[in-house]
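Reader: Hey, I've got a protein open on my screen and I'm a bit lost. Can you walk me through it?

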Amino acid sequence: PGAAVRAAVGAVGGIARFVRPGETVLVKPNIGWDRTPEQGANTDPRVVAEVVRLCLEEARAARVLVADVPVHDAERVRERSGIGEAARKAGAEVLVPPGPGFVLARLGGVVLDAWEVFAPMLWADRLINVPVVKDHGLTRLTCGLKNAYGLLGGTRARLHQQINQSIVDLSIAFRPTLTVVDATRVMLRNGPTGGRLDDVAPVGAIAAGTDAVALDAWGATLLGVDPGQVPHVVLAESRGLGSIREGAGPIEEIRAGA
């Protein structure tokens with residue numbers, strides 16, 4: 001996976017296109033669930049670590065923060081996912097609640113107007129989104145667009161009645177500099193929590209790009225889902241966040257071992 005991350009990021013211009021020397025970078029993986037890496041509920045720790053190394057070693061970032069607001073017990077998730085140890089060894093600071101706390105931010109969305117945001121988001125010069133591709137019982141797909149949910153505090157379940165609009169609101173407020181999608185293991189069923197190894201397929205792919213909609217559309221195809229049938233992806237396209245059409249934006253898929 002590490003080599004695939006480097007190849008994919010290199011194919012869209014290299015990390016120095018997205019991060020400048022001396023900057024603070026927030027790397028946002030999915031660290032939501034009390035699951036092992038093999039269960040595919042969180043971003044693969046090897047993918048997260050490679051993104052951290054690229055930022056520090058090649059782009060010469062001053063500081064890399066790996067941050068998320070887990071659904072399950074935060075400290076347990078950080079370690080059982082493998083991301084805590086892998087990111088620290090790569091040189092990052094790994095932040096989960098209670099950590100630095102939350103800040104009430106004006107997001108200006110249709111649903112998400114003012115909401116509590118995990119404070120590290122407001123410290124960063126650059127945001128690199130590192131989601132995992134999964135089935136989701138409510139939205140059918142969770143990938144890059146929905147991954148920003150993990151920067152919110154408060155009672156996120158309150159947003160579920162207008163989930164598609166709230167995803168797009170957040171995607172407009174927090175636009176990543178770069179997205180690196182982990183499809184090394186893809187959860188095909190019973191997402192987003194999973195737990196059964198037979199729900200997970202070893203796809204062995206990484207995609208990188210700047211078109212958030214195109215990347216989610218690519219993720220949907222790995223689940224056998226028509227992207228045009230995923231409401232938040234369609235709504236994001238209508239709001240100018242990218243294009244579902246193949247080849248619409250800079251996106252590069254690399255298969256591990258290719």
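Author: Sure, here is a chat through some of its features, and keep in mind that this is a predicted model.

Reader: Cool. Let's start with helix H2. How many residues has it got, and how far does it reach?

Author: H2 covers residues 45-58, which is 14 residues. From its first C-alpha to its last it reaches 19 Å, close to the 20 Å expected at 1.5 Å a residue.

Reader: And what caps its N-terminal end?

Author: That's Asp44. A side-chain oxygen of Asp44 lies 2.8 Å from the backbone nitrogen of Arg46.

Reader: Which residues in H2 are buried?

Author: Among them are Pro45, Val47, Val48, Ala49 and Glu50. Val51, Val52, Leu54 and Cys55 are buried too.

Reader: What comes just after H2?

Author: Arg60, which has a positive phi of about 60° although it is not a glycine. Arg60 is in the loop between H2 and E2.

Reader: Is Arg60 buried or exposed?

Author: Arg60 counts as exposed, because its relative accessibility is 55% and the cut-off for exposed is over 50%.

Reader: Why bother pointing out a positive phi?

Author: Because most residues other than glycine have a negative phi. Another one to look at is Arg140, with a phi near 75°. Arg140 sits in strand E8, residues 140-142, and at 33% relative accessibility it counts as partly exposed.

Reader: OK, new topic. Where are the cis peptide bonds?

Author: One runs from Pro97 to Pro98, with omega near 5°. Pro98 is in the loop between strand E3 (93-95) and strand E4 (102-106). Another runs from Gly191 to Pro192, with omega near 10°, and Pro192 is in the loop between E9 and E10.

Reader: Now the inside. How many residues are in the largest nonpolar core?

Author: There are 44. Leu107, Val133, Leu141, Leu152, Leu170, Phe174 and Trp218 touch the most other members. Strands E2, E5, E9 and E10 and helices H6, H7 and H8 each supply at least two residues of this core. The largest share, six residues, comes from H7.

Reader: What about a second core?

Author: A separate core of 36 residues includes Ile15, Leu54, Ala59 and Ala87. You met Leu54 earlier as one of the buried residues in H2.

Reader: Why would nonpolar residues group like that?

Author: In soluble globular proteins, nonpolar side chains tend to be buried together.

Reader: What about pockets? What's the volume of the largest one?

Author: The largest pocket has a volume of about 420 Å³. It is lined by 22 residues, of which Trp33, Val71, Lys146, Tyr149 and Arg156 lie nearest its centre. Strand E7 (132-136) and helix H5 (144-147) each supply at least two residues of the lining.

Reader: Tell me about Arg156. Where is it, and is it buried or exposed?

Author: Arg156 is in the loop between H5 and H6. Arg156 is buried, because its relative accessible area is 15% and buried means under 20%.

Reader: What does its side chain reach?

Author: The Arg156 side chain reaches the backbone oxygen of Tyr149 at 2.9 Å and that of Leu152 at 3.3 Å. Leaving aside neighbours within four places in sequence, Arg156 is in contact with residues including Val69, Pro70, Val71 and Trp115.

Reader: What about Asp68? Which side chain does it make a polar contact with?

Author: The side chain of Lys28, at 3.1 Å. Asp68 lies in the loop between E2 and helix H3 (74-80), and it is buried, with a relative accessible area of 2%. Beyond residues up to four places away in sequence, Asp68 touches Lys28, Pro29, Asn30, Ile31 and Gly32, among others.

Reader: Last one: Ser171. Which helix is it in, and what does it touch?

Author: Ser171 is in helix H6, residues 163-173. Ser171 is buried, at 8% relative accessible area. Not counting residues up to four places away in sequence, Ser171 touches Leu145 and Leu241.

Terms used:
Residues numbered from 1 in each chain as written. Predicted model: local features only at pLDDT ≥ 70, side-chain atom pairs only at ≥ 80, totals over all residues. Heavy atoms only, no water. Helix = DSSP H or I, 4+ residues; strand = E, 2+ residues; numbered from the N terminus. Buried < 20%, exposed > 50% of the residue type's maximum accessible area, 1.4 Å probe, protein only. Contact = heavy atoms within 4.5 Å. Core = buried A, V, L, I, M, F, W, Y, C linked by side-chain atoms within 4.5 Å. Expected span 1.5 Å × (residues − 1). Polar contact = N/O pair within 3.5 Å; in protein donor to acceptor, adjacent residues only side chain to side chain. 1 Å grid on protein atoms, 1.4 Å probe; cavity = no way out; pocket = protein on both sides within 12 Å on 5 of 7 lines; lining within 4 Å. Points joined across faces, edges and corners; volume = space filled by probe spheres on them.
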